[in-house]
Structure formats: C-alpha cells, structure tokens
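Hello,

I am handing over the structure we spoke about. Please look through it first; my notes on what was found follow below.

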Amino acid sequence: MSTPQISFLKGHGTENDFVIVPDPDNTLDLPASVVARLCDRRAGIGGDGMLHVVRSEAHPEARAMAAEAEWFMDYRNADGSVAEMCGNGVRVFARYLQRAGHVSEGDLAVATRGGVKRVHLAKDGAVTVSMGRAELPGEGVTVTVDGRSWPARNVNMGNPHAVAFVEDLAHAGELRSVPPFSPESVYPGGVNIEFVVDRGPGHVAMRVHERGSGETRSCGTGACAVAVAAARRDGADPALTGAPATYTVDLPGGTLVITEHPDGGIDMTGPAVIVAEGVIDPAWLETMIG
C-alpha cells in the first residue's frame with residue numbers, strides 16, 4: 001500500500017521554527033524516528049520541533065479537554081520525543097488555525113499536554129498566550145560550563161526550567177549539548193536551561209538549551225520562566241506587591257514581552273509567522289517508515 005501524501009507547513013515564532021502537520025482526525029502514524037527526520041535541517045524539512053494539529057476529540061491525550069478546546073497541539077521535540085508544552089509553538093499553532101480558516105481574530109483555546117492555553121490573535125499580528133501559572137519547586141541546581149558555575153532557579157511552566165543569571169551570555173558555551181547540572185535527580189526527565197543577563201530595568205536577554213533540541217533561537221516557556229525568576233530576584237512578586245510584573249525578554253530570534261499578574265497568571269506576547277507550505281514526498285516518507 002502506498003503512503004498517502006501528507007501536507008505540511010513551516011512556521012516560526014521569534015525564529016523558534018516548526019514543521020506543522022495538519023491531521024484533524026489523528027490518522028497519521030508519526031513515530032519519533034519520522035518526526036526526527038522531518039525536523040532534520042539537512043535531510044528533512046528542518047525545525048526545532050513539530051506541531052501535530054489534531055482535533056482534541058480525536059486524540060486520547062486530549063479528549064478530556066475537547067469541551068474546552070477544539071484543537072490539540074500534539075507537540076514533539078526535534079528528536080521526536082514528546083513534550084508537554086511550547087510557548088512559541090502555541091502562537092504558531094494559533095496562527096496556522098487562523099490561516100486554515102478554523103479560527104479568526106480574537107480569543108481561542110488550545111489544548112496541550114500542559115493544559116488548556118488561552119490565546120488572543122490581535123489585529124496587529126501579535127499573538128498573546130495565557131501561559132498559566134509558574135510553579136517554583138524548592139530545590140534548584142548548580143549549572144557548570146567551562147569551569148564556571150551558577151545557581152539555577154527551578155521554574156516549571158508545564159515543562160521544567162533551570163534559570164541561571166550570568167555575567168555574559170558567551171559563558172553559556174556552545175549549548176548544543178546539555179550543560180552539566182547537579183544534582184541530576186532534580187530533573188529526572190531532563191530540563192530546559194536558560195542563561196540570562198540584565199539589559200536594564202525590566203529588561204533581560206537570554207540563551208537557552210531546550211531538551212531534545214539543543215540551543216534554539218527562542219523558547220516561549222523559557223522566556224516566561226526567566227521573567228518569573230527575574231521578578232523574584234528583583235523583589236517584584238506580583239502576589240505580594242499586588243501589581244503586575246512585566247519583563248521584556250530578548251532572545252537570539254527576537255523579543256517577547258512577559259507579564260505576570262497578581263493572580264499568578266502569565267501572559268506572553270510575540271509574533272507568529274507561517275513562511276511556507278507544501279507536500280511531503282510519499283516515496284521519501286515510505287523509506288522513513290519502512
């Protein structure tokens with residue numbers, strides 16, 4: 001039996017880029033090996049991850065959220081592994097739904113493994129995602145690169161982060177491999193590690209190693225984790241001050257604006273762009289599956 005044609009799109013949010021595979025009825029078999037090859041920048045389409053677009057009612061992991069969110073973002077890392085959430089990915093996912101005519105400007109809900117996320121598509125093209133609350137587990141880690149070590153704050157945004165404030169972003173090293181951290185038992189399933197420098201009041205810059213993908217040009221949940229860690233460091237916990245804390249976060253691929261509200265809710269605002277669409281060659285895909 002020949003492999004059917006599979007449509008795809010390519011999009012990015014602050015240059016965190018994704019292969020988008022629409023599959024409303026969840027009929028495609030996408031094992032980790034196929035996802036990894038599609039995300040390969042030399043042998044495939046290339047991306048930091050895959051956005052598998054499925055109706056919530058058609059996916060066993062999202063069926064319980066179907067009444068609240070029609071669409072499920074089945075997110076995969078570039079190595080094919082499954083991930084709970086991707087902030088930039090949610091924005092690009094929403095932009096795809098708008099492009100495909102499934103939604104229009106305004107508010108919508110997207111189901112993810114990290115829960116249902118509220119999204120607003122603004123007329124000016126910006127996309128705001130309500131990212132939920134940050135969890136701040138007590139135990140952090142020490143991150144070490146090239147003989148330098150820093151304490152890293154443990155922040156969970158539906159996926160785990162370790163946020164280290166450094167003197168120079170170059171101190172993060174090459175970031176293709178996972179920076180060593182200890183104790184490893186704090187993150188048994190792996191972790192995204194952010195290195196952060198100050199640019200001014202309420203303004204920071206960061207680099208990130210994303211588990212399963214290496215260094216990426218941007219990480220939305222990472223930017224949220226960084227803003228939360230910076231606010232706590234700066235004594236600007238909105239739950240205590242009663243005032244929102246907003247940080248501008250510069251990433252290699254662009255800028256995100258993160259606001260944490262007194263009720264703990266976090267909003268992330270940034271761009272989302274669809275750059276191409278096409279069809280995956282069935283013959284090539286057969287060699288991957290076969």
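Of the protein's 290 residues, 50% count as buried. Please keep in mind that this is a predicted model.

Overall picture: the protein has five helices and 18 strands. Its radius of gyration is 19 Å, close to the 19 Å that the globule rule gives for 290 residues, so the protein is as compact as a globular protein of that length. Along the principal axes, the C-alpha atoms fill a box of roughly 60 × 40 × 30 Å. If we take contacts between residues at least 6 apart in sequence, 61% of them join residues at least 24 apart.

Surface and charge: about 12200 Å² is exposed by the protein, and carbon and sulfur atoms supply 49% of that area. There are 24 positive and 37 negative charges, and their mean positions lie 2 Å apart.

One strand to look at is S4, residues 71–77. Seven of its seven residues are buried. Trp-71, Met-73, Tyr-75 and Asn-77 point one way from S4, while Phe-72, Asp-74 and Arg-76 point the other way. Both sets are buried, including the side that carries Asp-74 and Arg-76.

S4 has these pairings. With strand S3 (residues 49–55), S4 pairs in the antiparallel sense over seven bridges; here Arg-55 stands opposite Trp-71. With strand S5 (residues 106–112), S4 pairs in the parallel sense over two bridges, and Ala-111 in S5 is the bridge partner of Phe-72.

Regards

Conventions. Residues are numbered from 1 along each chain as its sequence is written. This is a predicted model: local features need pLDDT of at least 70, side-chain atom pairs count only at pLDDT 80 or more; totals for chains, interfaces and linings use all residues. Side-chain values use heavy atoms; hydrogens and water are left out. Helices (H or I, at least four residues) and strands (E, at least two) are DSSP runs, numbered from the N terminus. The radius of gyration is taken over C-alpha atoms; the globule rule is 2.2 Å times the number of residues to the power 0.38. Buried means under 20% relative accessible area, exposed over 50%, partly exposed in between (1.4 Å probe, protein chains only). Contact means heavy atoms within 4.5 Å. Accessible areas come from the Shrake-Rupley method with a 1.4 Å probe; for residues, only the protein chains shown count as cover. Lys and Arg count as positive and Asp and Glu as negative; His and the chain ends are not counted. The place of a charge is taken as NZ of Lys, CZ of Arg, CG of Asp or CD of Glu. Two strands pair if DSSP finds at least two bridges between them.
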